[in-house]
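Hi there,

Here is the structure I promised to pass on to you. Have a look at it first, and then read on for what turned up in it.

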Amino acid sequence: MAWLPQSPDPNPVEMVWDEMDLRVKAKEPTGAQHLWEQDCWKTISGDDLMKLIERMPRVCKAVIKAKNFRLNGDLYDAVSLAEDDQWRRIRNILSPSFTSGHLKEMFSIMKHHSHKLTDSLQSKAHNDEVIIVKDFFGSYSIDVMASCIFSVDFDSIKNPSNPFITHANQMFKFSILLYIFQACFPIFLPLLECLGVSLFPKSSTAFLKSVAEKVKAERISSSQASDDMLQHLIKCQTASENDKEKKHKGLTEHEIISQVTMFVFAGYETSAIALVFLAYSLARNPEIMKRLQSEIDSTFPNKGPVEYEALMQMEYLDSVVSECLRLYPSIPRLERVAKETVKISEITIPKGMLVMVPVYALHRDPELWPEPEEFKPDRFSKENKQNINPYTYLPFGAGPRSCMGTRFALMMVKLAMVEVLQNFSFSVCKETEIPLEMDVAGFVSPVRPIKLKLKMRSISSANVDPCN
Ligand code: HEM
């Protein structure tokens, strides 16, 4: 865990970092390496880190403000970037979109896209082609997000070059130099903001927002109701941007567009990456894949239709997905700013200090996870799971600012993987890079695309219900 003052401070930057992080530092796939190299970190022993982890619920309560990079461009009021009362109001309004009832409704939309995904893989398996895994899971993911959020079916699986997916891929390609610069010299942030500098590529933000605006305008002019997230937000829209009283309860026009834009892309990239690494991990561990396929075949015999309740109760599937998110958490580091000075154990976190939680490093600490580089889903079996300290496993973050889409994402990832594995097996081929070289910017992802092959599975499909 690391501490960094957010406000400009002439004193040496105080850092607290467990030695474990130093050990895995070479593998940390983020811009943090560059900060390390400046020698501005202080280390504490593993015991102190464990003490801190035990007190994490307190840390999460005291240090709840997500770090605001400030260079957010037009997305400044998206829920993941907003602060304090604005964040609280927006999060409260968005939360009902993720209730079990809503998730079940979205399940049928997801199934439409998972069928398309499986269909699109048929010819690849048949012709023994090498596939770029992200092309398929990325299209599935963006189509699910766009359909569930504003009922638009881009059919990206058939049209992989559609501009929506191109811009979505650009969205989180932060400039690493800008990222490091703003972290090291926060004093320049106001100037950069005045100059309109943004961490998110402007052309992509503008494109995506224009799509969201168009869909919203069409929805209002046609007065066609829908059950998607956009409809829920429209219901919560305030009459006027300036109406102070209403603004405290509802969302402004600008806020609605920002939430829709941010949701599509926060959900798209993270879920697509999770599926890609899942396919890669299974291809490299065929025994685990077979065991998972046995669970799938016994839960949904003869490639039967995937049902929501049964899917969410599959134990081995859950262990496999959890283990994959341990090895490859989409977001490698969480960041918070202390709202008040807080003393935890012997460590004082002063008000305004940036706290960084190195999720990627924690997930690969050999003291927490024996043989950390190995893909071992049984770590998350029913019996073993209860011994895991939840603050050592943080793929979806923790505390009040944790991921809003956790259950949505798990449902979408599990559904796609089950349907694909009902029909195919993944295998590595000579084009598969082992080990992977990881990207250092943004999300945890490989530098070069992951390539695999697919084999058709030969189990009987006699009882397949064609309507599902
Ligand atoms: C496998 C897929 C996903 C992963 C691994 C993931 C992970 C995360 C993580 C680590 C955070 C930061 C949490 C923290 O700071 O404590 C986050 C925040 C967030 N996620 Fe996800 N996410 C995923 C999918 C989704 C989806 C599908 C949605 C929307 C439908 C979503 C919506 C959000 C939002 C809105 C936030 C910001 C919450 C706030 O600041 O209050 N995520 N996610």
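Let me start with strand β6, residues 334-337, which is covered on both faces. Leu334 and Arg336 are buried on one side, and Glu335 and Val337 are buried on the other. Please keep in mind that this is a predicted model. The partner of β6 is strand β9 (residues 353-357): the two run antiparallel and are joined by four bridges. If you would like one pair to click on, Val337 has Leu354 of β9 as its bridge partner.

Stepping back to the whole protein chain, you will find 20 helices and eleven strands. Of its 468 residues, 38% are buried. Looking at contacts between residues at least 6 apart in sequence, 76% join residues at least 24 apart.

Next, the ligand. Its shell holds 25 residues, and the closest are Gly267, Thr270, Gly397, Cys403 and Gly405. Two elements, α14 (253-284) and α20, each give two or more residues to that shell. The largest share is from α14, with six residues. Sorted by class, the shell has 15 nonpolar, eight polar and two charged residues.

Cys403 deserves a visit of its own. It carries the annotation "binding site" in UniProt, where the entry is unreviewed. You will find Cys403 in the loop between α19 (382-385) and α20. Is Cys403 buried or exposed? It counts as buried, because it has 20 C-beta neighbours inside 10 Å, and 20 is where the cut-off for buried lies. Beyond the neighbours within four places in sequence, Cys403 is in contact with Phe396 and Gly397.

After that loop comes helix α20 itself, residues 406-423. Its 18 residues should span 26 Å at 1.5 Å a residue, and the end C-alpha atoms are 26 Å apart, so the expected and modelled spans agree. Most of α20 is covered, with 15 of the 18 residues buried.

One last item from the record: the unreviewed UniProt entry places the feature "transmembrane region" at residues 176-200 and 256-283. In the model, residues 256-283 are 100% helix and 0% strand, and the end C-alpha atoms of this stretch are 41 Å apart.

Happy browsing, and do write back with any questions.

Best wishes

Key: Residues numbered from 1 in each chain as written. Predicted model: local features only at pLDDT ≥ 70, side-chain atom pairs only at ≥ 80, totals over all residues. Buried ≥ 20, exposed ≤ 12 C-beta atoms within 10 Å, placed from the backbone. Pairing = 2+ DSSP bridges. Expected span 1.5 Å × (residues − 1). Near = placed C-beta within 6 Å. Nonpolar A, V, L, I, M, F, W, Y, C, P; charged D, E, K, R; others polar. UniProt positions renumbered as here; feature names shortened; annotations may be inferred. Contact = placed C-beta atoms within 7 Å.
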